[in-house]
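Here's a quick tour of one protein chain, written for someone who would rather look than read. Have a glance at the model first, then come back for the walk-through.

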Amino acid sequence: KSERRKWIHCFQDVTSILFLVSLSGYNQCLIEDEDMNQMQDAMTIWDSICHSQWFKQTSIIVCLNKDDLFQLKIPHSNIKNFHPDFDSEAKDVCAGRNYFRKCFASLAQKVNQKEREIYIHITTATDTAMLRVVMAAVEGMCESEMPCLMKFDHVSSTE
């Protein structure tokens, strides 16, 4: 993390960023720092990317991934225990998704500036049909913002 400032400028001409977050990490700590929640850490990194001078005009795609694991955890682990401002029903999976979606969307907006394009997708990496749809949307967005520095190959149905 401390090295980020040294290389972040290398990405100044990127037109899109794909930011992956483990949705199921809402109740887990970092391996390297047991005092830091995974989701809070992702939000901190997200905030620094969104407010970086290098990405002022950059569209951002967020994949809140591992929804399958998130759904399994919700009945047993209340989001409010780890994110005190969560104010919906403890076992409501949709409310949990929406809460994290809103958290990332609100962090992305800059004060006194027009809203930037943010695309937030709930994903499960093992669901190849879902990923095909998401990657097609991402690819279409990249093509409309050419030149795009990222190009995605279509996910094979055998994966």
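A residue counts as buried when its relative accessible area is under 20%. Keep that cut-off in mind, and keep in mind too that this is a predicted model.

Take asparagine 65, which lies in strand E2, residues 59-65. Is asparagine 65 buried or exposed? Its relative accessible area is 15%, and because the cut-off for buried is under 20%, asparagine 65 counts as buried. Setting aside neighbours within four places in sequence, asparagine 65 is in contact with Val21, Ser22, Leu23 and Ser24, and also with Thr123, Thr124 and Ala125.

Valine 62 sits in strand E2 as well. Its relative accessible area is 0%, so it is buried. Here are the two residues together:

| Residue | Relative accessible area | Status |
|---|---|---|
| Asparagine 65 | 15% | buried |
| Valine 62 | 0% | buried |

Which residues does valine 62 touch beyond four places in sequence? They are Phe19, Val21, Trp46, Tyr119, Ile120 and His121. There's also leucine 20: it is 42 residues away from valine 62 in sequence, yet their C-alpha atoms are 5.9 Å apart in space.

Now zoom out. The chain has five helices and three strands, and along the sequence they run α-β-α-β-α-α-β-α. Of the 159 residues, 42% count as buried. If you look at contacts between residues at least 6 apart in sequence, 67% of them join residues at least 24 apart. On the outside, the chain exposes about 9600 Å², with carbon and sulfur atoms supplying 54% of that.

Then there's the inside. In soluble globular proteins, nonpolar side chains tend to be buried together. The largest nonpolar core here has 31 residues, and Trp46, Leu64, Phe100 and Phe104 touch the most other members. Strand E1 (16-22), helix H2 (38-50), E2, helix H4 (93-108) and strand E3 (118-122) each give two or more residues to this core. As for phenylalanine 104, its contacts beyond four places in sequence include Met39, Ala42, Met43, Trp46 and Leu64.

Finally, how far to trust it. The mean pLDDT of the chain is 79, with 75% of residues reaching 70 or more. Confidence is highest in helix H3 (residues 67-73), at a mean of 95, and lowest in helix H1 (residues 4-7), at 63. Over residues 146-159 pLDDT stays under 50, though the model has 23 contacts beyond four places in sequence for them. Where pLDDT is low, the predicted coordinates should not be read in detail.

Conventions:
Residues numbered from 1 in each chain as written. Predicted model: local features only at pLDDT ≥ 70, side-chain atom pairs only at ≥ 80, totals over all residues. Heavy atoms only, no water. Helix = DSSP H or I, 4+ residues; strand = E, 2+ residues; numbered from the N terminus. Buried < 20%, exposed > 50% of the residue type's maximum accessible area, 1.4 Å probe, protein only. Contact = heavy atoms within 4.5 Å. Areas by Shrake-Rupley, 256 points an atom, 1.4 Å probe, with all protein chains shown as cover. Core = buried A, V, L, I, M, F, W, Y, C linked by side-chain atoms within 4.5 Å. pLDDT = per-residue confidence, 0-100.
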